[in-house]
Structure formats: structure tokens, C-alpha cells
Amino acid sequence: MSSIDDILENGAALVAKVIAPIAAAADEAEAFPLEAFRQMGTFGLYGTHYPARYGGCGLDHTTYIGLIREVAKACAATAMTALSHATLACDPIFASGNEELKRRLLPPLIAGEKIGAFAMTESESGSDTSSIRTRAEETHEGYVLNGAKLFITNANVADVAVVVARTSDAAGGLGLSLFVVEKGTPGFHASGRRERKLGMRASDTGELIFRDSPVPKQNLLGRKNRGFDILQRTLPTARLGMAAIAIGISERVRDLCVDHVLRRRQFGKPLCRFQLIQRMLADMEVNINAADLLLKKATRLRDDGKSFFKEAAEAKLFASEAAAAATRDAIQIHGAQGYCRDLPLERFFRDAKLTEIGDGTSEIQRLIIADEMIKAGTRRAQGRNGSSSADSG
Ligand SMILES: Cc1cc2nc3c(=O)[nH]c(=O)nc-3n(C[C@H](O)[C@H](O)[C@H](O)COP(=O)(O)OP(=O)(O)OC[C@H]3O[C@@H](n4cnc5c(N)ncnc54)[C@H](O)[C@@H]3O)c2cc1C
């Protein structure tokens with residue numbers, strides 16, 4: 001079997017051949033790069049971490065995340081498309097779908113023959129998933145869905161959507177369930193709306209409509225009203241991918257900056273001799289290395305089957321804020337050239353902003369981290385009280 005380094009090297013070669021040459025044009029045209037999407041499937045990227053029986057390569061998440069990072073170095077929007085497809089859509093099917101569903105849907109999704117989307121956000125429900133209004137009513141045959149989902153990656157190109165819907169009025173996330181809704185289902189369609197975005201323009205973002213859409217029982221993922229449990233696995237996994245995208249962006253702009261400061265001369269010296277420039281370079285480097293360590297730690301925990309909820313939030317928070325800072329500084333270091341579209345810096349600057357919003361905003365990541373700290377602190381305090389009362393007894 002190839003080592004992870006060989007696989008990442010092959011991934012980088014694929015990116016150089018298929019994605020890098022079209023990245024700027026796809027951004028400019030706001031066009032979904034279907035051919036590149038399919039070629040990533042042929043390469044095996046979407047199935048890196050899924051078992052061979054579903055068409056995957058049976059490798060670990062560390063390898064998959066490494067490949068997402070390689071794609072992001074050339075085109076963050078294509079990396080986000082891949083992540084939405086291979087993690088947000090495929091992971092709930094893999095983890096919670098019945099065997100028939102997995103055998104029927106995962107191989108064509110993993111091969112890139114079908115495209116997946118994950119539909120959670122609504123006009124009145126973003127960070128607060130408990131306010132989801134799309135409803136799934138149970139019938140004799142299965143469920144009937146009604147509602148609309150907004151800001152959905154791959155909405156206009158998807159063959160399969162994993163949809164978060166309300167199946168009970170229970171408070172919080174307790175009344176949510178996840179369904180697989182397939183293209184051709186009556187009443188299910190993309191509205192045709194295409195968001196005109198600041199960045200990530202080569203990714204498709206649109207709206208999905210469900211009007212009395214019948215969904216068979218076997219397309220329910222996991223148990224009714226237990227969708228929140230699936231989200232607790234899928235969203236942190238997606239955050240690992242978003243952190244990888246952010247790091248890929250930072251690495252690419254860092255490399256461009258180093259080349260530039262060696263070449264560009266002002267006041268009779270190369271820019272690399274100015275200490276204010278060096279400070280920006282050093283910050284980029286340290287942030288990339290720190291983000292890399294956070295991401296490796298979180299991904300390793302996932303690969304080892306351990307809890308990675310807090311660690312994924314830490315990696316995503318740090319990496320995305322670092323990418324926003326790195327791309328801003330990269331433009332500063334390049335001056336006017338950096339501000340213009342001949343270089344990819346302004347594209348990465350626009351793309352980096354999304355990493356602070358998608359798959360849970362930075363504020364939500366901070367809330368998750370603090371919440372986990374408070375829970376751990378409470379457990380420690382209870383443990384101490386318990387042992388002190390035992391001691392005193
Ligand atoms: C390009 C793009 C692609 C996307 N793709 C998908 C997709 O494929 N599927 C999908 O389901 N969704 C998708 N989304 C939606 C994305 O997940 C949401 O935008 C994100 O979860 C934030 O929700 P919101 O935009 O409604 O912001 P809001 O929830 O309205 O938040 C607005 C602001 O308030 C802050 N805020 C909210 N609650 C709190 C709180 N309790 N404490 C402190 N601050 C808070 C937020 O951090 C943010 O700064 C996509 C969005 C974009 C832009």
C-alpha cells in the first residue's frame with residue numbers, strides 16, 4: 001500500500017493538472033467545475049476514508065483531510081464542494097443509513113458519478129438548528145417533507161440531498177431527523193436561485209424546495225427524532241475539513257509571499273529585509289504550524305475512534321481565523337499587485353472569509369469550546385466533592 005506521503009503527492013499532481021489551471025476562471029465565471037469534480041472522484045478522493053465495499057479506499061481520515069488541503073491550495077471553492085459532497089452528504093449515509101441505501105448510493109457518490117448535498121440551513125435557522133421548520137410527517141409508506149433550505153452547497157447540481165427535518169415538536173434538537181432525498185422525488189427541486197457570493201464562487205450555493213415530497217421509510221437515517229446524534233458526528237467531521245481548507249489557503253499565500261519578498265525590491269533592498277514584513281511572514285508561519293498541530297490532533301482522535309468534538313472546533317476556529325489574517329497580510333505584502341486579480345491572493349482572501357462562517361461560525365466554535373470546558377470542570381468538581389465526601393465518610 002502507498003504511504004500517506006505518496007498519496008498526497010499523487011493528490012498534489014492531480015490538483016496541479018486538473019484544478020489549478022481552471023481555478024481562476026471558475027471563480028471569475030462563478031461556474032461549478034463539473035469535470036474537475038468527476039476527476040477527483042475517479043482519483044478516489046471522495047472515498048479515501050470509506051471502506052472498499054462501498055467503493056472507497058479504506059484509508060483513514062488523516063489522508064482524506066490531507067487531500068482536501070491539497071485541493072484548497074489551488075482552489076478553496078472546489079475543496080469546499082468536495083467536502084460538502086464527501087463528508088456532509090456521504091458521512092451521514094455511511095454512518096446511519098441502512099445497508100441497502102449504502103450499497104445503492106455510496107458507490108456512485110464516492111465515484112463522483114452522483115453529487116451530494118447537505119441541507120440543514122433555512123431562512124430562519126442558521127446557527128440555531130433547534131429552529132428548523134422543514135417538516136417530515138410520518139405516513140404509512142414513509143414520510144412527506146415540506147419546507148425550504150437555503151445556502152446549500154451543491155444545491156443546483158445535487159442528485160442526492162441529506163436533509164435535516166423536524167419530525168416532532170420536542171424542544172431543542174430533539175425533534176430532528178435526517179433523510180436522504182433523491183433527485184426525481186415529486187415536489188423536490190432546486191429553486192434555481194444561485195447565491196452571488198463574496199468568495200467560494202466556483203462552488204454552487206442555492207436553495208432546495210420540498211413540497212409534499214414523499215420519502216420512503218428506508219431513506220430515514222438512523223432513528224426518528226435522533227438526527228441530532230448524527231449531526232454531532234457529521235458537523236465536527238466537516239469542521240476538520242474546513243480547518244484543512246483554511247490551512248491549505250494559508251500555505252498557498254505564505255508560499256506566494258516568500259517568493260515575492262525575495263524578488264521585490266524597494267528602498268534598495270528586497271522586501272524580505274524589512275522587519276515589518278518579516279513579522280507578517282513569521283505570524284503566518286507560526287499560525288500554519290499551530291493550526292496544523294490542532295488539526296492533526298483532532299483528526300487523530302477521530303481516526304482512533306475517540307471524542308474529537310472540542311478539538312475539531314479548536315482546529316476549525318484557529319485555522320479559519322489564521323487564514324483570514326494570512327490572506328489579508330498576503331495582500332498587504334504584495335501591495336497593489338496583491339489587490340489585483342492577476343494574482344490569486346484576492347480570491348483566497350475572499351474564500352478565507354467563508355471558513356469563519358461555514359460549518360458553524362467562529363462564535364459557535366467558541367461556544368462549543370467553552371461549553372466543553374465548563375462540562376469538564378463540572379465533572380472534575382463533582383469528582384472532587386464525591387471523593388471528599390467518600391473520604392470524610
Ligand atoms: C458559501 C456557503 C455555503 C454553505 N453551505 C451550506 C450547506 O451546504 N448546508 C447547510 O445546511 N448550510 C450551509 N451554509 C450555511 C452555513 O452553515 C450558515 O451560514 C452558518 O451556520 C451560520 O448561520 P447563519 O448564516 O444563519 O448565521 P446566523 O446564525 O444568523 O449568525 C449570524 C451571526 O450571529 C452569530 N451568532 C449566532 N448565534 C450566536 C450565539 N448563540 N452566540 C454568539 N453569536 C451568535 C454568528 O456567529 C454570526 O456571527 C453555507 C453558507 C455559506 C455562506
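**A buried threonine and a charged domain contact**

At 10% relative accessibility, Thr-167 counts as buried, where buried means under 20% relative accessible area, exposed means over 50% and partly exposed falls in between (1.4 Å probe, protein chains only). The structure is a predicted model, so local features need pLDDT of at least 70 and side-chain atom pairs count only at pLDDT 80 or more, while totals for chains, interfaces and linings use all residues. Residues are numbered from 1 along each chain as its sequence is written, and side-chain values use heavy atoms, with hydrogens and water left out.

To place Thr-167, look at the loop between strand E4 (160-166) and strand E5 (176-182); helices (H or I, at least four residues) and strands (E, at least two) are DSSP runs, numbered from the N terminus. The side chain of Thr-167 has polar contacts with two other side chains, that of Ser-177 at 2.5 Å and that of Asn-225 at 2.7 Å. A polar contact here is a pair of N or O atoms within 3.5 Å; within protein, one must be able to donate a hydrogen and the other to accept it, and residues adjacent in sequence count only if both atoms are side-chain atoms. Setting aside neighbours within four places in sequence, the residues in contact with Thr-167 include Ala-136, Tyr-143, Phe-179 and Lys-224, with contact meaning heavy atoms within 4.5 Å.

Zooming out, the protein splits into domain 1 (4-110), domain 2 (116-224) and domain 3 (228-378), with bounds that come from an automatic or database domain assignment. Between domain 1 and domain 3, the C-alpha centres are 21 Å apart. Their contact takes 26 residues from domain 1 and 29 residues from domain 3. About 2300 Å² is buried between these two domains, and carbon and sulfur atoms give 60% of that; buried area is the accessible area (1.4 Å probe) that two parts lose on being put together, summed over both. On the domain 1 side, His-61, Arg-69 and Lys-73 lose the most area to domain 3, together 26% of what that side buries.

Charges show up here too: there are seven salt bridges between domain 1 and domain 3, each being a side-chain nitrogen of Lys or Arg within 4 Å of a carboxyl oxygen of Asp or Glu. The two domains also share 10 residue pairs in polar contact, both residues at pLDDT 80 or more. Helix H1 (4-29), helix H3 (61-74) and helix H4 (76-96) are the elements giving two or more residues to the side of domain 1 that touches domain 3. H4 has the largest share, with 12 residues.

Arg-69 is a good residue to follow. One of its salt bridges goes to Asp-292, with the closest N and O atoms 2.8 Å apart, and another goes to Glu-251, also listed at 2.8 Å, N to O. Glu-251 sits in helix H6 (residues 227-263) and Arg-69 in helix H3, so this pair ties together parts that are 182 residues apart in sequence. Both Glu-251 and Arg-69 are buried, and Asp-292 is buried as well, at 12% relative accessible area. Asp-292 also forms a salt bridge with Lys-296, at 2.8 Å between the closest N and O atoms. These last two both lie in helix H7, four residues apart, about one turn of the helix. Salt bridges with shared partners join Arg-69, Glu-70, Lys-73, Glu-251, Asp-292 and Lys-296 into one network.
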